[in-house]
Amino acid sequence: MSSPMVRRETVRDIEAICRLDLDSRTLRRRIADRLTRLVPADSYCFSTIDPMTLLTADQVSAGLVPEAAAAAAHNEYLVDDVLKFAALARSEVSAGTLGAATGGEPESSHRYRTVLPMIDARHELRAGFVVDGRCWGVVALFRGGRRPDFTPADVGVLRRLSAPVGAALRRAAHRAPDDTAAGPSEAGVLLLDQDLRLFSENLAAKLWRDELGPSQAELPSAILEVAARGRGAELPAYGRIRGRSGRWLSVQASPLSGGGPHPAAIAVTVHPAPAADVAEILLLAYGLTARERDVLARVVAGLPSRTIAVELHITAATVQDHLKSVFAKTGVRSRGELVATVLGL
């Protein structure tokens, strides 16, 4: 077992990594590399989360098999189980183990019985990275049966890291993409069966899948999660996914109306996220206050300061104060730069 001093050093090292200007994937890999030196794991999955929908936006992992992704998505969104990521995102307790969550009876967990055997794991530690009430990422660490379970001290380290890692992931969400090459000119359309297996797609969908992950054989976990949520829903499920280039994509999933003996297929569409959706994420990522977001929304709409002041029942001077704060947080110097930054122009 690691000493309190070693745990404090690990927390300090990861906090230092969080202060670096890194893109999201590099940030998560650096954090995972340092964390797993203190908290050894046979495999892990470290995902960014859309703070509005609580769906996976992007994932980095090690030691996992692609076949487990559909089973994990099914468990996360369609099965009653313990220690769900959405629950961690909303809880004051940001981390925990599967063993503790089941009262020492992990066999009672559907995830333990169905997902963990696929990755040869028996122990799981999960954590959410939450800052200012919003979850920006989650991690799951796994150990095989020959290793002991994660300890309360391991859980304590993840809980201490929740806010600093959440803040770092939030900052990375508005980092400029390294590659802004245009994607397909049409929406990608995929058809999945009820077990979330792909059986048909158009050419654009194949191209969008290249943007979302390197594997041509397996569906990205983010698509599987939206499809799982939309499988039995009356309304389409919706998610925003970060591509490898840094672009935000919209994903929608809903069951097709069908008849006959076979269950209806699930239709999934993928296309670039509308500017308004991207702006919504960026406003949260920049850490703007509610009033600053109110002012910014009206600046984007082209309203002058006097009109904004009237609509918000504040003075024009207060509007300017809010704008100065927004400029400082977004790193711009004018209204034109601000609108261009928020809308990705």
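Here are four short exercises, with worked solutions, on a predicted model.

**Exercise 1. Work out what lines the largest pocket, and which strand gives the largest share of the lining.**

Start with the space itself: the largest pocket has a volume of about 870 Å³. Next, look at who surrounds it. The lining takes in 41 residues, and Cys45, Gln59, Ser61, Ala69 and Ser221 lie nearest the centre. Sort that lining by character and you get 23 nonpolar, seven polar and eleven charged residues. Finally, the strand: strand 2 (residues 56-62) supplies the largest share, with six residues.

**Exercise 2. Find how strand 1 and strand 2 run, and which residue is the bridge partner of serine 47.**

Strand 1 (residues 43-49) and strand 2 run antiparallel, joined by six bridges. Go along to serine 47 and look across: its bridge partner in strand 2 is glutamine 59. Glutamine 59 should ring a bell, as one of the residues that lie nearest the centre of the largest pocket. Now check the turn. Six residues sit between the strands of this hairpin, and leucine 54 takes a positive phi near 60° there.

**Exercise 3. Helix 13 packs against helix 12 and helix 11; describe each pair by angle, distance and contact residues.**

Take helix 12 (residues 305-312) to begin with. Its axis lies 8 Å from that of helix 13 (residues 316-330), at an angle of about 105°. Angles of 65 to 115 degrees count as roughly perpendicular, so that is what helix 12 is to helix 13. On the helix 12 side, the contact uses Ser305, Ile308 and Ala309, while helix 13 brings Ala316, Val319, Gln320 and Leu323. That contact has five nonpolar residues, two polar and no charged.

Now helix 11 (residues 290-300). Its axis and that of helix 13 come within 9 Å and cross at roughly 90°, which makes this pair roughly perpendicular too. Helix 11 puts in Arg291, Glu292, Val295 and Val299; helix 13 answers with Val319, His322, Leu323, Ser325, Val326 and Lys329. The tally here is five nonpolar, two polar and three charged.

**Exercise 4. Which strands stand at the edges of the five-stranded open sheet, and which helix packs on the sheet?**

Write down the order, 7-6-10-9-8, with antiparallel pairing. Strand 7 (198-201) and strand 8 (237-242) each have a single partner strand, so they are the edges, with one side left without a neighbour in the sheet. From strand to strand the twist averages 25°. Zoom in on strand 6 (residues 188-192): three bridges pair it with strand 7, and leucine 190 stands opposite glutamate 201. The helix is helix 8 (residues 203-212), whose direction makes about 95° with that of strand 6.

Terms used: Residues are numbered from 1 along each chain as its sequence is written. This is a predicted model: local features need pLDDT of at least 70, side-chain atom pairs count only at pLDDT 80 or more; totals for chains, interfaces and linings use all residues. Side-chain values use heavy atoms; hydrogens and water are left out. On a 1 Å grid over the protein atoms alone, a cavity is a set of points where a 1.4 Å probe fits but cannot get out, and a pocket is an open set with protein on both sides within 12 Å along at least five of seven lines; lining residues have an atom within 4 Å of a point. Grid points are joined across faces, edges and corners, and a volume is the space filled by probe spheres set on the points. Helices (H or I, at least four residues) and strands (E, at least two) are DSSP runs, numbered from the N terminus. Ala, Val, Leu, Ile, Met, Phe, Trp, Tyr, Cys and Pro count as nonpolar, Asp, Glu, Lys and Arg as charged, and the others, Gly among them, as polar. Two strands pair if DSSP finds at least two bridges between them. Axes are lines fitted to C-alpha atoms, for helices over the stretch in contact, and angles run from 0 to 180 degrees between N-to-C directions. Angles under 35 degrees count as roughly parallel, over 145 as roughly antiparallel, 65 to 115 as roughly perpendicular and the rest as oblique. Contact means heavy atoms within 4.5 Å.
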